[in-house]
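Let's take a walk through this structure together. Keep the sequence and the 3D view at hand as you read.

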Amino acid sequence: MEATWNEIEQHVAACTQCPLSQSRHLPVMGRGSRQADIMLIAEAPGAQEDQQGMPFVGRSGEMLDRLLRDCGLSREEIYITNILKCHPPDNRDPKETEKNACFAYLKYETFLLKPKIIVCLGRVAAQRIISPDFKITRQHGTWTYRKDCALTATYHPSAILRDPAKYEDVKKDFLEIVKKKAEKKCPQ
Ligand code: URA
């Protein structure tokens, strides 16, 4: 039987598939519109997300909201999730075993949402979803197609916090995403 959103949410809430379940405060399920055409996939919840159980509620979230606003998008019309549903201590890169343990949840989210556009935020997501040798610096803003879905990647909002000069690059990538949405005739 196919899983429903509620079932996935319950599984994520009770997940003990990897050791992060011991150190996390709250698991972080994806959020946003379950009718969205655009799915954003990032790396893993940060410390504030771990406390609140919601994705992108910290400083990266504020940066993401600014970007979305500047490009005429809002959280209400996208779905946003992470490769890992639990916070890795000290914000270290997710381990391969953790990504593998968590991947089924992302697969179910994608299956249920059926997004027309997938946007990977940062290297970790791009290398897991688009290609293991994806180079975010050289390849951000490029497109790959799978079945009816267009995939792209851009810098993670935290990269803009570290280097504000990246803002314009990411904004450009997001404006192309908005164009792609119109090309794919996604309803507003
Ligand atoms: N960074 C991420 O990759 N995901 C979040 O949810 C928050 C910060």
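**From the last helix to the ligand**

Helix α9 has 17 residues, and from its first C-alpha to its last it reaches 24 Å, close to the 24 Å expected at 1.5 Å a residue. Bear in mind as we go that this is a predicted model. Which residues of α9 are buried? They are Tyr167, Val170, Asp173, Phe174, Ile177, Lys180 and Lys181. Seen down the axis of α9, these buried residues fall within an arc of 140°, so they line one face of the helix. That face packs against the strands β2, β4, β5 (144–146) and β6 (149–154), and against the helices α4 and α8. Turn to the face away from the buried side, and you will find the exposed residues Lys172, Ala182 and Glu183. Following α9 comes lysine 185, whose phi is positive, near 55°.

One of the partners of α9 is α4, so let's go there next. The twelve residues of helix α4 (residues 59–70) should span 16 Å at 1.5 Å a residue, and the end C-alpha atoms are 17 Å apart, which agrees. Its buried residues are Ser60, Gly61, Met63, Leu64, Leu67 and Leu68. Because they cover an arc of only 160° around the axis, they sit on the same side of α4. What covers them includes the strands β2 (38–42), β3 (78–82) and β4 (117–121), along with α8 (157–162) and α9 (167–183). The face of α4 turned away from this buried side carries Arg59, Glu62 and Arg69, which are exposed. Just after α4, glycine 72 takes a positive phi of about 75°.

Now for β3, which is among the elements covering α4. How many of its residues are buried? Five of five are, which leaves the strand mostly covered. In a regular strand, side chains alternate between the two faces of the sheet. Here Ile78, Ile80 and Asn82 point one way from β3 while Tyr79 and Thr81 point the other way, and all of them are buried. Strand β1 (residues 31–32) pairs with β3 in the antiparallel sense over two bridges, with glycine 32 standing opposite tyrosine 79. By contrast, β2 and β3 run parallel and are joined by five bridges. In that part of the picture, isoleucine 41 has threonine 81 of β3 as its bridge partner.

Alanine 42 is also in strand β2. At 0% relative accessibility, alanine 42 counts as buried, the cut-off being under 20%. Leaving aside residues up to four places away in sequence, alanine 42 touches Phe56, Thr81, Asn82, Ile83, Leu121, Ala125 and His156. Compare the position of glutamate 7: it is 35 residues from alanine 42 in sequence, and the two C-alpha atoms are 22 Å apart in space.

Alanine 42 also brings us to the ligand, as one of the residues around it. The others are Glu43, Ala44, Pro45, Gly46, Glu49, Pro55, Phe56, Asn82 and His156. Where are the polar atoms placed? A nitrogen atom of the ligand is 2.8 Å from an N or O atom in the side chain of asparagine 82, a residue we have already met in β3. An oxygen atom of the ligand lies 2.8 Å from a polar side-chain atom of histidine 156. For phenylalanine 56, a polar backbone atom is 3.1 Å from an oxygen atom of the ligand.

To finish, let's visit the beginning of the chain. Helix α1 (residues 5–13) has Trp5, Ile8 and Val12 as its buried residues. They cover an arc of only 65° around the axis, which puts them on the same side of α1. What covers them includes β3 and α5 (96–113), while the exposed residues Gln10 and His11 are on the face turned away.

A little further along is helix α2 (residues 20–23), where serine 21 is found. With 14% relative accessibility, serine 21 counts as buried. A polar atom of its side chain lies 2.8 Å from the backbone oxygen of cysteine 18. The side chain of serine 21 also makes a polar contact with the side chain of glutamine 22, at 3.5 Å. Not counting residues up to four places away in sequence, serine 21 touches Cys15 and Thr16.

Technical notes
Residues are numbered from 1 along each chain as its sequence is written. This is a predicted model: local features need pLDDT of at least 70, side-chain atom pairs count only at pLDDT 80 or more; totals for chains, interfaces and linings use all residues. Side-chain values use heavy atoms; hydrogens and water are left out. Helices (H or I, at least four residues) and strands (E, at least two) are DSSP runs, numbered from the N terminus. The expected span of a helix is 1.5 Å times one less than its number of residues. Buried means under 20% relative accessible area, exposed over 50%, partly exposed in between (1.4 Å probe, protein chains only). The arc is that of the directions from the helix axis to the C-beta atoms. Contact means heavy atoms within 4.5 Å. A polar contact is a pair of N or O atoms within 3.5 Å; within protein, one must be able to donate a hydrogen and the other to accept it, and residues adjacent in sequence count only if both atoms are side-chain atoms. Two strands pair if DSSP finds at least two bridges between them. A residue is near a molecule or strand if one of its heavy atoms lies within 4 Å of it.
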